[in-house]
Amino acid sequence: PGVARTATLVRATAAAQVGNVTRGINLESLASGRSFVWQRWAAGRAPQAGDEVALTRSSLHELKIGLGDRVALGNPSVGRSVFTVVGIVDVRGSLSREGSAYGIVTAPVAEALAGIEDPNVVLIRTLPGVKPSAVVRSINAKAPVGWPESTRDLIEADRQVQGAQIDALSALVTGLAAVSLIVAAVTLATTTGAATNSRRRTIALARCIGADRGNLVLLVVLEVLLPSLAGAVLGVFAGVVVARLGLPVVGLIPGLPALRGSTFTVPLFDVLAPLIAAGVLALLAAVIPAYLASRVPPTAALSGEPRPESRHPHRTAAGLTLTSAVVASFGAWGALYGPIHDKWWLLVAGAVLVLTGAGLVLAPLLGSTS
């Protein structure tokens with residue numbers, strides 16, 4: 001109950017030999033149902049005859065051969081035979097297959113190497129809404145032999161092969177990226193605020209010829225947003241290039257596999273996320289300068305207009321400085337804590353608090369200088 005369809009395959013192990021080079025290799029046949037086949041072909045095709053094999057690039061590299069070359073496969077129980085390499089298996093996304101010797105043969109060849117006459121792996125797809133764990137428990141209750149595993153469990157186990165190191169590296173890179181974004185946003189807010197304040201008389205003249213507060217706010221926001229998005233696009237492009245060039249360095253980290261250029265992919269989310277983050281932070285950075293610009297009265301066009309001053313400027317400055325320090329501290333904690341523990345809402349809240357804390361000092365500072 002709960003099973004939508006099934007398929008089978010054969011799994012075996014053998015020794016692969018080319019000249020003086022011998023390697024142990026895991027072999028499989030393709031699943032009998034096409035919807036269960038996850039392998040793709042980087043070059044060539046799938047084996048169709050009994051003397052054909054498809055290998056991964058890493059396997060070909062270890063055996064020092066290429067597409068179209070011949071390799072001997074066998075084991076002590078059945079002897080060995082010579083096979084022609086007709087395909088290169090694309091196993092990107094599978095850490096266990098990516099870093100090990102792996103190949104595809106026809107089902108009869110795999111059965112012969114495994115010493116069996118029937119498939120030794122059954123693949124099951126559950127019906128929509130049915131929990132795979134329930135089907136696993138049902139199979140174990142009827143035939144507790146093979147200990148079925150769900151695809152999710154296999155993927156998680158596969159990821160955990162180097163999971164600790166990958167998670168630590170990912171958290172470090174993400175944390176550095178978050179800090180860089182926040183520092184850039186604070187710098188952008190400071191620079192924009194200073195530029196806006198230096199144009200106080202120009203803004204006042206714009207008010208005199210009919211510009212309302214909404215026009216000034218839109219002007220400042222666009223001045224900040226458009227260059228920021230352009231810089232974000234260039235930054236993402238540069239980041240992809242640097243990541244690709246630095247791919248071999250990953251293998252120098254103890255516990256992490258050496259990655260090749262063929263494994264390099266960039267998910268769409270990793271492209272869109274920094275662009276969205278840059279846009280949001282640019283808007284936040286433009287809030288205070290835009291507010292200051294909208295508060296400039298038309299009479300400020302008169303160069304001799306005095307600025308209103310606080311009755312207790314030292315108390316006001318001290319209070320704002322203390323408040324901004326507390327707010328920014330909480331924000332920095334959230335920005336650093338969020339990525340490490342996968343709490344992205346905390347990262348966003350932390351970034352907003354850091355910018356708010358900087359703005360609490362920035363607004364009176366810029367408003368008190370000419």
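**Note on helix 3, an aromatic pair and a helix packing**

1. Helix 3 spans residues 107-114, and its buried residues are V109, A110, E111 and L113. The model is a predicted one. These buried residues pack against four strands: strand 2 (11-18), strand 3 (21-28), strand 6 (70-75) and strand 7 (79-90). Just past the end of helix 3, G115 has a positive phi of about 70°.

2. The whole structure yields one aromatic pair. It is formed by W38 and Y102, with ring centres 6.5 Å apart and planes at 20°, so it counts as stacked. The partners are 64 residues apart in the chain. W38 lies in the loop between strand 3 and strand 4 (40-44), while Y102 belongs to strand 8 (residues 102-104).

3. Are the two rings' residues buried or exposed? W38 is partly exposed, at a relative accessible area of 39%. Y102 is buried, at 0% relative accessibility.

4. Helix 8 (residues 213-245) packs with helix 9 (residues 268-294). The angle is about 150° and the axes are 8 Å apart. Helix 8 is therefore roughly antiparallel to helix 9. The crossing is right-handed.

5. Which residues of helix 8 meet helix 9? Among them are L216, V220, V224, L229 and V236. On the helix 9 side, the contact includes V271, L275, A278, L283 and A290. By class, the contact has 20 nonpolar, three polar and one charged residues. One general point helps in reading such lists: an α-helix has 3.6 residues a turn, so residues three or four places apart point the same way.

Definitions and conventions
Residues numbered from 1 in each chain as written. Predicted model: local features only at pLDDT ≥ 70, side-chain atom pairs only at ≥ 80, totals over all residues. Heavy atoms only, no water. Axes fitted to C-alpha atoms, helices over the stretch in contact; angles between N-to-C directions. Helix = DSSP H or I, 4+ residues; strand = E, 2+ residues; numbered from the N terminus. Parallel < 35°, antiparallel > 145°, perpendicular 65-115°, else oblique. Left-handed = near helix turned anticlockwise from the far one by under 90°. Contact = heavy atoms within 4.5 Å. Nonpolar A, V, L, I, M, F, W, Y, C, P; charged D, E, K, R; others polar. Buried < 20%, exposed > 50% of the residue type's maximum accessible area, 1.4 Å probe, protein only. Phe/Tyr/Trp six-rings, centres within 6.5 Å; stacked < 30°, edge-to-face > 60°.
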